[in-house]
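Reader: I would like a close look at the internal spaces of this model. Please take the enclosed space in detail, then go on to the pocket and the ligand.

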Amino acid sequence: MAKIVILGGSFAGLTAAFDLKRKLKDKAEVIVISKTKNFVFIPSLIWVPFKWRKPEDISFELRPVLEKKGIKFVHAEATRILPESNRVETTSGVYDYDFLLIATGPDLNFSEVEGLGPQDGYTTSICNVEHALHAGERWEEFVKSPGPIVIGATQKASCFGAAYEYVFNIEYAARKAGIRDKVEITFITSEPFLGNFGIGGVGSSQKMTEYFFKKLGIRGITNVAIEKITEDKLFLSNGQVLPFKYAMIIPPFLGVKAIRDSGLGNEAGFIPVDSTYRHLNYDNIYAAGVAVAVKYPEPTPIPIGVPKTGYMSEVMARVAAENIASKVLGKNHESKLSFEDIAPLCVMDAGNMGVLLVASRVFKPRKYHILFPGPWSHWVKVWFEKYYLWKMRNGYTQLP
Ligand SMILES: Cc1cc2nc3c(=O)[nH]c(=O)nc-3n(C[C@H](O)[C@H](O)[C@H](O)COP(=O)(O)OP(=O)(O)OC[C@H]3O[C@@H](n4cnc5c(N)ncnc54)[C@H](O)[C@@H]3O)c2cc1C
């Protein structure tokens, strides 16, 4: 029986685990090792600070869901991978494998900028449950004594969509709280233009974003790095100094420490893969999701990264799972889909409205792209959250 170890139990890891068990049944032992014991629908973390969602509304425990499908769950952190001896060291023992799928997502690199982040700095984050709850505590204080707000993404950041969703949601929350006239909102980004999203823009995304910023009174500053942050000021690379009373800044991502310590990744700790999602140097190691190394296709004045969204993470996991299953079954078939050729599908929420984004490829040139703004997009995201949680709780990863 083949032994398949999956590191990570989120969009990529969970998808691959269910797919592999469904395809291989008793021909493989599938083990998921995750440092968090819950699956969290991360896209809804943008609503947690305003209490429009509680963490328990958007998460479930991994163990019962996986065990019901005959998948073993280990709640532990992988600390090192030993690819020459096919072993993973974890905080709860050593596991050997025939195939390894790395789906560990990112580490958040707050050390990129002095004063960045909720732990040792002055800005909030919405990248995980603890950060979103902390961002909510700061929001409650802010509502009592409002002032300038700065939302954005640093140099080398990649998750721009979350920053845009948050600035629109905070603008909406300020209106709902009756403090909008006391609040100046600025959006800062390393993107070369508004609506670039780390994928070079999609159709009229620049014009559309500029239009909504103007309509809602949000000031946008592009092409900037953050030099340092103090208790109440942000210092930008273009010389501007922005005072703030509330700031949420998306940091750059790195591959997780276990990968960086194992020498399996590039200089940022992301895994180089081919179009089957197999590691370039190891035949039995695959990677999917944010853990995969991807480069923005051309240089930008301020360095930026490429978003690996939940949908893209799932697609990568499916391809990787299909290829691992093929090998276990001794088939010759290889499924290939390079990252650039994934067709992105995303709903970006803006409080009481949003925009649906569909494109034929991640980067230009594209055969088609659709940007569809409207209040219904918000309800699509609300529906999708519920559908997705139901689908993953039941292991129905064969569904769209
Ligand atoms: C605020 C926010 C909003 C977003 N909104 C959207 C959206 O609207 N639509 C969209 O498509 N995408 C969105 N994204 C992106 C989406 O969340 C990611 O694409 C997705 O979470 C990536 O999935 P993943 O499985 O690769 O990694 P992650 O979701 O980061 O999961 C990593 C997993 O690995 C585990 N892990 C980490 N290190 C270790 C270790 N050493 N050992 C064992 N386990 C480990 C973690 O516990 C976790 O289970 C958003 C992201 C953020 C931060």
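Author: What follows starts at the cavity, then turns to the backbone around it, the pocket and the ligand. The model is predicted.

Start with the enclosed space. A search of the whole structure finds one cavity of 30 Å³ or more. Its volume is about 210 Å³. The lining of this largest cavity counts 18 residues. Nearest its centre lie Phe168, Met208, Thr209, Phe212 and Val355. By class, the lining has 13 nonpolar, three polar and two charged residues.

Which elements build that wall, each with at least two residues of the lining? Two are helices, α4 (160-176) and α5 (205-216). Three are strands: β20 (345-349), β21 (354-359) and β22 (369-374). The top contributor is α5, which gives five residues to the lining of the largest cavity.

Two backbone features sit in loops that join on to these elements. Take Pro365, in the loop between β21 and β22. A cis peptide bond links Lys364 to Pro365, with omega about 0 degrees. Then take Phe197, in the loop between β12 (185-189) and α5. Phe197 is not a glycine, yet its phi is positive, about 60 degrees. Both features stand out because most residues other than glycine have a negative phi, and most peptide bonds are trans.

Now the open space. The second largest pocket holds about 610 Å³. Its lining has 24 residues. Glu267, Val294, Lys295, Ile304 and Gly305 are the ones nearest its centre. The lining divides into 13 nonpolar, five polar and six charged residues.

Where does the second largest pocket lie with respect to domain 1 and domain 2? It lies between them, because both domains give residues to its lining. Domain 1 covers 2-108 + 253-338, and domain 2 covers 110-252.

A record adds an annotation. In an unreviewed entry, UniProt lists residues 3-289 as "domain: FAD/NAD(P)-binding". In the model, the end C-alpha atoms of that span are 21 Å apart. The span is 24% helix and 27% strand.

Last, the ligand. Around the ligand are 33 residues. Those that come nearest are Ser10, Thr36, Ala78, Lys308 and Thr309. Thr309 also has a polar backbone atom 3.2 Å from an oxygen atom of the ligand. Two further polar pairs involve neighbours in the numbering, Ser34 and Lys35. Ser34 places a polar side-chain atom 3.3 Å from a ligand oxygen atom. Lys35 uses the backbone instead: one of its polar atoms there is 3.1 Å from a nitrogen atom of the ligand.

Methods:
Residues are numbered from 1 along each chain as its sequence is written. This is a predicted model: local features need pLDDT of at least 70, side-chain atom pairs count only at pLDDT 80 or more; totals for chains, interfaces and linings use all residues. Side-chain values use heavy atoms; hydrogens and water are left out. On a 1 Å grid over the protein atoms alone, a cavity is a set of points where a 1.4 Å probe fits but cannot get out, and a pocket is an open set with protein on both sides within 12 Å along at least five of seven lines; lining residues have an atom within 4 Å of a point. Grid points are joined across faces, edges and corners, and a volume is the space filled by probe spheres set on the points. Ala, Val, Leu, Ile, Met, Phe, Trp, Tyr, Cys and Pro count as nonpolar, Asp, Glu, Lys and Arg as charged, and the others, Gly among them, as polar. Domain bounds come from an automatic or database domain assignment. UniProt positions are given in the numbering used here, feature names are shortened, and annotations may be inferred rather than shown by experiment. Helices (H or I, at least four residues) and strands (E, at least two) are DSSP runs, numbered from the N terminus. A residue is near a molecule or strand if one of its heavy atoms lies within 4 Å of it. A polar contact is a pair of N or O atoms within 3.5 Å; within protein, one must be able to donate a hydrogen and the other to accept it, and residues adjacent in sequence count only if both atoms are side-chain atoms.
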